[in-house]
Amino acid sequence: MDSGVGRLRPAGSELSHHWALDPDTTFLNHGSFGATPVTLLEEQSRIRAQMEADPVRFFERDAVEMMAGAVDSLSEFLNADQDGMTFCHNATGGINTVLRSLVLNSGDEIIVPDHAYQACWNAIEFVARRWKAKVVVVELPFRCENEDDIIEPLLAAITPRTVLAMIDTVSSPTAIRMPFERLVDEFQSRGVDVLIDAAHGPGLVPLDLNALDAAWVTGNCHKWLCAPKGSAFLHIREDKRESTKPLTISHGYSADMPPMEKFRFEYDWQGTSDPSVIFCVPKAIETLGSMISGGFEAIMERNDSLVRNGRDILCETLETEPPIADSMLTAMATIDLPGTYDGPPDFRGDALHNSLIDDWRIQVPVFPWPHHEMRYFRISAYLYNSLEQYEYLAHALRDSL
């Protein structure tokens with residue numbers, strides 16, 4: 001094997017200096033945890049210093065104003081009703097908040113596609129078991145020619161007992177841009193509530209929550225908005241706010257307040273934590289939005305184009321066809337490794353993944369997906385990446401497979 005150690009490593013883009021990423025690692029995995037620009041790390045440190053200078057004043061006064069600013073900023077960015085905008089630590093927490101608030105009847109059905117993020121799928125299984133409800137897992141193809149390949153199987157799974165469907169904006173393991181806008185309309189017009197898992201949402205795909213009008217939408221701010229780790233949101237439609245309670249029940253539960261004030265109290269104060277990650281969200285929207293001309297629309301176009309070109313190079317290297325149409329692609333792309341599935345994940349990690357990071361210093365996820373009995377790898381693209389980095393990955397794959 002021609003190890004990549006010592007080989008001239010391709011540089012990132014002209015914007016890579018904004019990030020603190022290790023220059024000795026080719027980082028092609030923005031999709032897992034995001035990457036935070038140095039400016040935002042400094043903003044987080046500033047907020048923490050303010051908090052520690054007088055913690056009581058900070059939580060009793062400063063934090064109230066800063067939370068309101070974060071709610072307003074993200075609501076404007078997502079065109080959402082600010083009265084339904086709340087924050088949480090990650091989208092999985094948002095999913096759990098919704099599911100743990102549900103009151104179900106025995107035999108009720110919840111639809112989940114088999115491309116769903118396993119942690120959120122697990123939460124559905126847990127809640128369904130508690131209420132003796134049924135989880136309806138819909139098998140979707142990995143190779144898709146158009147949106148109907150996704151929409152038709154999901155709608156065919158609806159029965160008179162269906163009460164909820166969980167739909168991704170972009171599926172985490174398979175990186176397919178789901179036709180979530182059409183699916184929300186189709187499901188909710190049939191009386192089925194939709195919970196949108198937008199873990200890969202803000203900054204990756206255009207989101208207009210008022211137009212979408214889903215019952216619940218939860219997503220991460222630390223991925224494609226590049227806010228510090230642990231910043232996410234849950235948006236709750238007006239008719240669901242009274243029944244959807246935070247996972248942590250605290251002082252707000254017993255407060256005798258008007259409904260909207262009580263809602264804010266319950267969600268905004270759940271006990272002592274470090275809210276600096278949330279309070280960095282307005283700065284993240286401002287910083288990233290001004291990094292290139294055209295703001296987030298241009299960012300999404302640039303990232304999508306880069307990953308599309310990178311995907312095509314890698315598919316040519318592996319002598320395989322791109323699995324989905326360009327219209328269903330975002331700044332992430334998953335490519336299958338045909339004929340290499342040999343069982344569920346190994347706690348020691350996938351051998352190819354380990355080789356890429358240990359021998360080539362390339363950070364890209366490689367994983368078996370038991371639900372499809374396939375083995376995939378996934379690339380991401382962000383402003384700090386360059387096309388040469390995907391060419392370097394292609395060279396490593398040619399040598400490693």
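User: Why is L314 called buried or exposed?

Analyst: L314 has a relative accessible area of 0%. Buried means under 20% relative accessible area, exposed means over 50%, and partly exposed lies in between, with a 1.4 Å probe and protein chains only. The value of 0% is under the 20% limit, so L314 is buried. This is a predicted model in which local features need pLDDT of at least 70 and side-chain atom pairs count only at pLDDT 80 or more, while totals for chains, interfaces and linings use all residues. Residues are numbered from 1 along each chain as its sequence is written, and side-chain values use heavy atoms, with hydrogens and water left out.

User: Which residues does L314 touch, not counting residues up to four places away in sequence?

Analyst: L314, which is found in helix α12, touches I335, F377, I379, Y390, L393, A394 and L397. Contact means heavy atoms within 4.5 Å. L314 and I379 are 65 residues apart in sequence, and their C-alpha atoms are 9.8 Å apart in space.

User: How do you know that the span of α12 is close to the expected one?

Analyst: Helix α12 covers residues 295-318, which is 24 residues. Helices are DSSP runs of H or I with at least four residues, strands are runs of E with at least two, and both are numbered from the N terminus. The expected span is 1.5 Å times one less than the number of residues. For α12 this gives 34 Å, and the helix reaches 35 Å from its first C-alpha to its last. Just after α12, E319 takes a positive phi of about 55°.

User: What makes α12 and α14 roughly parallel or roughly antiparallel?

Analyst: The axes of α12 and α14 (residues 387-400) come within 9 Å and cross at roughly 20°. Axes are lines fitted to C-alpha atoms, for helices over the stretch in contact, and angles run from 0 to 180 degrees between N-to-C directions. Angles under 35 degrees count as roughly parallel, over 145 as roughly antiparallel, 65 to 115 as roughly perpendicular and the rest as oblique. The angle of roughly 20° is under 35 degrees, and α12 and α14 are therefore roughly parallel. From α12, the contact includes L306, I313 and L314, and from α14 it includes Y390, L393, A394 and L397. The residues of this contact divide into eight nonpolar, three polar and two charged.

User: Why is the pair α2 and α11 described as roughly parallel or roughly antiparallel?

Analyst: The axes of α2 (residues 38-53) and α11 (residues 281-289) come within 10 Å and cross at roughly 160°. That angle is over 145 degrees, so α2 and α11 are roughly antiparallel. In this pair, T39, L40 and E43 of α2 meet K283, A284, T287 and L288 of α11.

User: What makes α4 and α5 roughly parallel or roughly antiparallel?

Analyst: The axes of α4 (residues 91-101) and α5 (residues 118-131) come within 10 Å and cross at roughly 15°. This makes α4 roughly parallel to α5.

User: How do you know whether A175 is buried or exposed?

Analyst: A175 is found in the loop between β5 and α7, and its phi is near 55°, a positive value in a residue other than glycine. At 1% relative accessibility, A175 counts as buried.

User: Why is R361 called partly exposed?

Analyst: R361 has a relative accessible area of 30%, which lies between the limits of 20% and 50%, so R361 is partly exposed. R361 is in the loop between α13 and β10, and it has a positive phi of about 55° although it is not a glycine.

Notes: Nonpolar A, V, L, I, M, F, W, Y, C, P; charged D, E, K, R; others polar.
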